[in-house]
Amino acid sequence: MSFIDSFAEKGVMYATKIQDNKVLSAISKGLMSTMPIMIIGSLSTLLVALKWEPYQNLIEPIRHVLALPSTFTINVLALYTAFSIAYNYAISYKKEGLIPGFMSLFSFLVMTPVSIFDVGELSVNALTFDWLGAQGLFAAMIVSILSTRLYIFFTDKNLTITMPEGVPPTIAATFSGLVPAMLVATIFTII
């Protein structure tokens with residue numbers, strides 16, 4: 001066996017181990033899920049930033065409209081990532097993914113710094129884009145994995161509300177996730 005064949009075989013072995021890891025797999029799938037959003041934002045950025053003077057003069061009246069997709073995709077990528085990683089991580093444990101996804105989003109937002117702006121005599125609290133884009137991406141990954149793992153732990157410990165037989169499955173699933181969701185929300189609010 002040649003050096004290249006041996007190297008490739010070991011590379012495949014390590015890649016398989018990484019792919020079998022639920023955390024890394026959830027992060028990989030979660031980031032891949034945001035690919036359409038990133039492509040839309042990238043195309044918007046490209047349309048606004050194309051450095052050709054006649055084109056720039058043409059789009060000047062609608063530049064702000066062309067920049068909107070970029071603002072609400074690339075600049076808030078951490079929000080999409082927090083949800084999609086948590087969703088995929090919950091699915092890997094054979095749990096329903098929407099409630100953990102929303103709890104991850106809540107947990108990330110509650111941990112995001114809020115800026116205070118003075119507008120005249122008013123003081124306004126606002127979330128800026130500073131931590132919602134690429135700068136907050138790593139924090140979104142960590143928060144999504146931790147909040148989902150806590151949700152799964154509480155669910156596995158049967159800290160749930162069980163509904164009677166006649167209740168529709170959607171409502172039963174919502175109530176079964178209520179107590180774990182409240183516990184996760186409490187923990188991340190305290191943090």
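## Contacts along the chain

Contact means heavy atoms within 4.5 Å. With that in hand, look at the protein chain. Take its contacts with a separation of 6 or more: residues 24 or more positions apart account for 65% of them. This is a predicted model.

## Overall build

The protein chain has 10 helices and 2 strands. What order do they follow along the sequence? The pattern reads α-α-α-α-α-α-α-β-β-α-α-α. The two strands therefore come after seven helices, and three helices follow them.

Now for the dimensions. A compact globule of 191 residues would have a radius of gyration near 16 Å, but the protein chain has 22 Å. Along its principal axes, the C-alpha trace spans about 70 × 65 × 35 Å.

## Surface and charge

How much of the protein chain is buried? Buried residues make up 29% of its 191 residues. The protein chain exposes about 12,200 Å². Carbon and sulfur atoms supply 71% of that area.

The protein chain carries 10 positive and 11 negative charges. Take the mean position of each set. These two points are 13 Å apart.

## The hairpin

Strand β1 covers residues 115-119, and strand β2 covers residues 122-126. The two strands run antiparallel. How many bridges join β1 to β2? There are 5 bridges. To find your way across the pair, start at I116, which stands opposite N125 in β2.

The hairpin of β1 and β2 has 2 residues between the strands. In this hairpin, G120 takes a positive phi near 65 degrees.

## Two buried helix residues

Start with I145. This residue lies in helix α8, residues 137-156. Is I145 buried or exposed? Its relative accessible area is 12%, and buried means under 20%, so I145 is buried. Which residues does I145 touch, leaving out those up to four places away in sequence? They are V23, A26, I27, I85 and Y89. R63 makes a useful landmark for I145. The two are 82 residues apart in sequence. In space they are 38 Å apart, C-alpha to C-alpha.

Next comes S84, in helix α6, residues 77-92. S84 has a relative accessible area of 8%, which is under the 20% limit, so S84 is buried too. Leaving out residues up to four places away in sequence, S84 touches G30, S33 and T34.

## Two loop residues with positive phi

Most residues other than glycine have a negative phi. Keep that in mind for the next two residues.

K94 is not a glycine, yet it has a positive phi of about 60 degrees. Where is K94? Look in the loop between α6 and α7, where α7 covers 98-111. K94 has a relative accessible area of 77%, and exposed means over 50%, so K94 is exposed.

N158 is not a glycine either, and it has a positive phi of about 60 degrees. N158 lies in the loop between α8 and α9, where α9 covers 169-176. Is N158 buried or exposed? Its relative accessible area is 61%, which is over the 50% limit, so N158 is exposed.

Technical notes:
Residues numbered from 1 in each chain as written. Predicted model: local features only at pLDDT ≥ 70, side-chain atom pairs only at ≥ 80, totals over all residues. Heavy atoms only, no water. Helix = DSSP H or I, 4+ residues; strand = E, 2+ residues; numbered from the N terminus. Rg over C-alpha atoms; globule rule 2.2 N^0.38 Å. Buried < 20%, exposed > 50% of the residue type's maximum accessible area, 1.4 Å probe, protein only. Areas by Shrake-Rupley, 256 points an atom, 1.4 Å probe, with all protein chains shown as cover. Lys, Arg positive; Asp, Glu negative; His and termini not counted. Charge placed at Lys NZ, Arg CZ, Asp CG, Glu CD. Pairing = 2+ DSSP bridges.
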